[in-house]
Structures are given as structure tokens and as C-alpha cells.
Protein chains: 2
Amino acid sequence: MATAKTEKLSASLEDYLEAIYNLSVDGSVARSKNIAQALEVSRASVTGALRILAEKQLVNYKPYGYITLTKQGCIEAQRVVRKHNIIEKFFVDVLGVEHTVAQKAACEAEHAFGPQIVEKLLCFIEFVNSYNKNGYDLHDEFRSFFRKHGSIAAGDSN
Amino acid sequence: MATAKTEKLSASLEDYLEAIYNLSVDGSVARSKNIAQALEVSRASVTGALRILAEKQLVNYKPYGYITLTKQGCIEAQRVVRKHNIIEKFFVDVLGVEHTVAQKAACEAEHAFGPQIVEKLLCFIEFVNSYNKNGYDLHDEFRSFFRKHGSIAAGDSN
DNA sequence: TTGAAAAGTTAGTTTGGACTAACTATATTA
DNA sequence: TAATATAGTTAGTCCAAACTAACTTTTCAA
């Protein structure tokens, strides 16, 4: 009954799904060109990835046709995007990392974090946000702690 | 003046350096066999990696000879190992993730975290450890918060 | 001291994921 | 509606990183 292949997706294929999802979000449809730009790969690479994703029944794709996510593809994409957002949020909101650095690192780290860690991380962000014992705000507390004890590090930015 | 190549190492090569470092730590010397076991790759793959690392002057390697890290190799390895340990510590000590899951995820995530994030993360672990305003321990606080608000998730363990 | 067993290497193959160059299809606009 | 620009595909290449099978070197025990 044509059950879609449930093998774990490679980091690369997850990136393509994520890009397609993000491009589809604002009403507009994902185009090969835009996917290539978003991921900074060649158009030919996009074609190759789309063929594989279509085989796995994660995208609806016919040569020269529109590109949309299948039901399953959408579920997968959302899983990846959600993970990305949680990780990025942790970097920015909790650690106070620069947005651009956080964005880039989240993009790579998202493939390494399994469900247990992601859920714990999400819960931890909520914990930090909601913490308010005796009027102490953990964001402020950590900021000032970092000012006192944080290393300079920096260097190559990322 | 034979300046060692300073190109960024691939995740794979970082893994090899890390394994060699860890095997060398307890006095004993890294052997090809043990590296293969540690990384769960074939002995032939180890030979290939060692050749490349030797070219980059990160290991001292002659066929059939002992394997040791060069000065620069040791610096690189320590950088990777330190990163790994900080990430794993965060997962286990702060998030309360199972040790085995944390270990595995840290191994993959270590290649994605740049210096800025690692330093912030380290500082954050120290912050959580040292926090003691009005006798509140953040570890306890989060544990109980997670019990109340954490999702079940689980499923495929990782 | 010699001859298996173990360790290590070499040669050749595979796979995933990228690339360029050249071709084809679609869209646009004069 | 024909010419041309743009988008997309195909074919072929490259590279890193893994693999197996077969070979060589080293080690160790009889």
C-alpha cells in the first residue's frame, strides 16, 4: 500500500524541506530558484534533491511543475522548523547570542538534537521566562553574571 | 616555513582527533584498531583519515608506526573535546537529559557550535550552578518545573 | 625461530551531495 | 506571435568519507 519510506532523512534533505516550508509560508509557492538561493546551492542541486524528496513522497514534484509539500513532507518540515526555532530561541533569549550567529548555529545543530533534548530545551526556555521568585529575572541575572564572569572569546565571530 | 594548513577541519576529521586524544589520555597510546572501534568505522577508514591528518601535521604517523598528536593536533583535539564536554554537561546537568542521549547528541552538536556559543553556554552552566538567591536552587526548580510542565515526548529515546 | 593470529595497509568500489556546462521548457514583451 | 530572457533539467564530474577484500607487517607463543 505504498507506505512512504520512513528512513531517517539526511541533514541535507532536512534543509531542503525546511527551505521549501519557509518559502511556502508567506502564501507564495516555493520555486527551484528560490530554494537554491535560500540554501546557497546550485539550481542543479535543487533538482536532484527534489527528485529524492519526491521519491520519498515528501514533496509533490513533476519536472517544470510547482513544488509543494505532501502531508507527510509538511509534518517533517514542521518538525525540523520547530526544532530550529527552539534552538535559535535558546541561543538568543537565554544565552544572549547574536541573532546572526544563533541563526547559523541553529541551522547546523538542528540535525543533531533528538526529541528528548528538544523538549527539555523548550521547557527550559519556558522555565527561564516564567521564573520570578522574589522578583529576580533570570535573563537579567545571567546578563549581569556574564558581564562579571564571561570570557571575552570573540575572535572569529561564530 | 611549512606553516600547517589552517583550513577548518571537517566534522569527520574532528571526530578522529577527538578519539585519538581520548585514547591517549589514560597513558596508553592510540592504536588504529581502537580508533576504529571507538568511532565504529573500519580499520581502512582509520588509515585514510590518519594519512590526511598527517598531511595537515596534526598527527605523527608513519605506516605501521605509533600514532600520536602533534602540538597543533593536541590543541585542536582539546578544543573539540572541551566543546563536547561543555555541551554534554549542559545537557545532563542543566537539562537533565539521560547520559547516553546527551553523550551521543554532544558528539554531533559539537561540530555546529562556534566559540561565542560555547563560551556563553559554559558561563550559563556556571551561572545555574552558582545561583542561590534566597536559597533557591535552579536545578531543583527546573526539575520540578519540568515535572509539572514537561511534555512526555519520549518515543524513540534520542 | 618460525608460523599463525592480529593489526595495519592498499586497491578498488560505493554513496551522497555538491558542482559546471549545455540543453530544454516556460514566460515575457516588442 | 516570434525572439529572447529566465527558470529548470540533464549529463557528466568531483570530492569526502565510508566500505570490502586482499595483501603486508608485526607480534607472540609453541
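The following exchange concerns a predicted model and considers the contact between chain B and chain A, a cavity, and selected side chains.

Colleague: How many residues does the contact take from chain B and from chain A?

Modeller: The model is predicted, and totals for interfaces use all residues. On that basis, the contact draws on both chains, with 43 residues from chain B and 43 residues from chain A.

Colleague: What is the area buried between chain B and chain A?

Modeller: The size of an interface is often expressed as the accessible area lost when the parts come together. Carbon and sulfur atoms give 71% of the area in this case. On the side of chain B, B:Gln116, B:Ile117 and B:Lys120 supply 16% of what that chain buries against chain A, more than any other three residues. The area buried between the two chains is about 3800 Å².

Colleague: Which side chains meet in a salt bridge at 2.4 Å, N to O?

Modeller: Side chains of opposite charge can pair when their charged atoms come close. The rule finds 2 salt bridges across the interface of chain B and chain A. The N to O distance of 2.4 Å lies within the 4 Å that the rule requires. The side chains in question are those of A:Lys133 and B:Glu141.

Colleague: Which helix supplies the largest share of the side of chain B that touches chain A?

Modeller: Across this interface, 6 residue pairs are in polar contact. In chain B, α4 (71-95), α5 (99-109), α6 (115-130) and α7 (138-149) each supply at least two residues of the side that touches chain A. The largest share, 11 residues, comes from α6(B).

Colleague: How many nonpolar, polar and charged residues has the side of chain B that touches chain A?

Modeller: The residues on this side are sorted by class. The result for the side of chain B that touches chain A is 24 nonpolar, 11 polar and 8 charged residues.

Colleague: Which helix gives the most to the lining of the largest cavity?

Modeller: The count comes to 1 cavity of 30 Å³ or more, and the volume of the largest cavity is about 40 Å³. Its lining includes A:Phe90, A:Phe113, B:Ile87 and B:Leu121, and by class it has 9 nonpolar, no polar and no charged residues. Both α4 (71-95) of chain A and α4 of chain B supply at least two lining residues each. The most, 3 residues, comes from α4(B).

Colleague: Why are A:Glu76 and A:Arg79 separated by about one helical turn?

Modeller: A:Glu76 and A:Arg79 form a salt bridge, with their closest N and O atoms 2.8 Å apart. The separation is about one helical turn because, in helix α4 of chain A, these two residues are 3 residues apart.

Colleague: What separates the C-alpha atoms of A:Leu23 and A:Ile35?

Modeller: A:Leu23 lies in helix α1 (residues 11-25) of chain A. Leaving aside neighbours within four places in sequence, A:Leu23 is in contact with A:Ser28, A:Ala30, A:Asn34 and A:Ile35. A:Leu23 and A:Ile35 are 12 residues apart along the chain, and their C-alpha atoms are separated by 7.7 Å.

How values were computed: Residues numbered from 1 in each chain as written. Chains lettered and ligands numbered in written order. Predicted model: local features only at pLDDT ≥ 70, side-chain atom pairs only at ≥ 80, totals over all residues. Heavy atoms only, no water. Contact = heavy atoms within 4.5 Å. Buried area = accessible area lost by both parts, 1.4 Å probe. Polar contact = N/O pair within 3.5 Å; in protein donor to acceptor, adjacent residues only side chain to side chain. Helix = DSSP H or I, 4+ residues; strand = E, 2+ residues; numbered from the N terminus. Nonpolar A, V, L, I, M, F, W, Y, C, P; charged D, E, K, R; others polar. 1 Å grid on protein atoms, 1.4 Å probe; cavity = no way out; pocket = protein on both sides within 12 Å on 5 of 7 lines; lining within 4 Å. Points joined across faces, edges and corners; volume = space filled by probe spheres on them.
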